[in-house]
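Here is my note on the fold, set out as numbered points. Please read it alongside the model.

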Amino acid sequence: MNTDSYWLSRVAPRPGIGWKDMAALGELDPYGQHRTLWKLFDMPPREERQGQPAPFLFRAETRDGLPVFYVLSRQVPQDHPGIWNIEPKRYVPAIEAGDRLAFKLRVNPVVQAKMERTPDELQQWRERRKRENQKDKLVTKKRVRHDVVMDAKHRMGWKDIPHEKRPTLAMLAYEAGSCWLRDKFEGLGCSLDDKVLRVDGYRTWRQQRGKGIELATLDFEGMLTVTDPERLVSALLSGIGPAKSFGCGLLLVRRV
């Protein structure tokens, strides 16, 4: 895969820029972040790019109360709004089998149809989803995907377990999230070191206006060992999992 034209950029507010300037951009929720970063690229007008995926991956963090973005793209972002300090570097991953790398990853870990269930379990799962969707007035006719934490709660009958006997949400996120990530990594040319894996930041978000987008995210930090460099490079450049337009899927790695 040709990696010559990729750039990894750190995008942070210029000195002197504060929350009032950030507020002028609109809400910086996942959808607002997506719209804000689009403005840093020379792209066709919105009406001409309907359905076109974002030409970048990104991760949003916070420093001193202000947003900082890490953006992977083929174009170098440009500070058209006049408020961003953009530090681009050419991104050419040079990794070999056996390399041990620290990583950070934010994902939208949704239940996949290929998850192993018996026919009876699959039928029960479909019936349960149908009942839940009928109760939720905000659910459209589109297929609803559940994140792995929510799915784990449903499968264990969370609501029927006495409060004092339930596992904590953090424990549930760790178990469900680490299982999801381990399965993903097996197909992406690397193996996961379970001993140092950290799973944090289970968050859910629903857009109150517009398209009513729903999003659940998990943050992972840990160590991986490269088993197939070509596959891993492909994952580094194309991202992991769904919701890439909303700050998910960018795998950041560094040597240790």
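**Notes on sheet, helices and cores**

1. Start with the β2–β3 pair. The two strands run antiparallel, and eight bridges join them. Strand β3 covers residues 66–73. One pairing to check by eye is Thr62, whose bridge partner in β3 is Pro67. Keep in mind that this is a predicted model.

2. Now widen the view to the sheet. It is open and has four strands, in the order β2-β3-β1-β4, with antiparallel pairing. The edges are β2 (56–63) and β4 (84–90), each of which pairs on one side only. On average, neighbouring strands are turned by 20° against each other, direction ignored.

3. Helix α2 belongs with this sheet. The helix spans residues 30–38 and lies across β2, β3 and β4. Its direction is about 115° to β2.

4. Is α2 mostly covered or mostly open? It is mostly covered, with eight of its nine residues buried. The buried set is Pro30, Tyr31, Gly32, Gln33, His34, Thr36, Leu37 and Trp38. The cover includes β2, β3 and β4. It also includes β7 (198–206) and β8 (214–226).

5. Next, the nonpolar interior. The largest core has 40 residues. Within it, Phe103, Leu181, Phe185 and Phe220 touch the most other members. Strands β3, β5 (100–107), β6 (190–192) and β8 each give two or more residues to this core. So do helices α4 (148–155), α5 (169–186) and α6 (229–238). The largest share, six residues, comes from α5.

6. Phe185 merits its own look. Leaving aside residues up to four places away in sequence, Phe185 touches Phe103, Cys190, Ser191, Leu192, Leu224 and Ile240.

7. There is another core, apart from the largest one, with 17 residues. Among them are Ile17, Met22, Leu37 and Trp84. Leu37 is also one of the buried residues of α2.

8. Last, the α4/α5 packing. How do the two axes meet? They come within 9 Å and cross at roughly 110°. The helices are therefore roughly perpendicular to each other. The crossing of α4 past α5 is right-handed.

9. The residues at that contact can be listed. From α4 come Val148, Val149, Ala152 and Lys153. From α5 come Leu169, Leu172, Ala173, Ala176, Gly177 and Trp180. An α-helix has 3.6 residues a turn, so residues three or four places apart point the same way. That is worth bearing in mind when viewing the α4 and α5 contact residues.

Key. Residues are numbered from 1 along each chain as its sequence is written. This is a predicted model: local features need pLDDT of at least 70, side-chain atom pairs count only at pLDDT 80 or more; totals for chains, interfaces and linings use all residues. Side-chain values use heavy atoms; hydrogens and water are left out. Two strands pair if DSSP finds at least two bridges between them. Axes are lines fitted to C-alpha atoms, for helices over the stretch in contact, and angles run from 0 to 180 degrees between N-to-C directions. Contact means heavy atoms within 4.5 Å. Buried means under 20% relative accessible area, exposed over 50%, partly exposed in between (1.4 Å probe, protein chains only). A nonpolar core is a set of buried Ala, Val, Leu, Ile, Met, Phe, Trp, Tyr and Cys residues joined through side-chain atoms within 4.5 Å. Angles under 35 degrees count as roughly parallel, over 145 as roughly antiparallel, 65 to 115 as roughly perpendicular and the rest as oblique. A crossing is left-handed if the near helix is turned anticlockwise from the far one by less than a right angle, and right-handed if clockwise.
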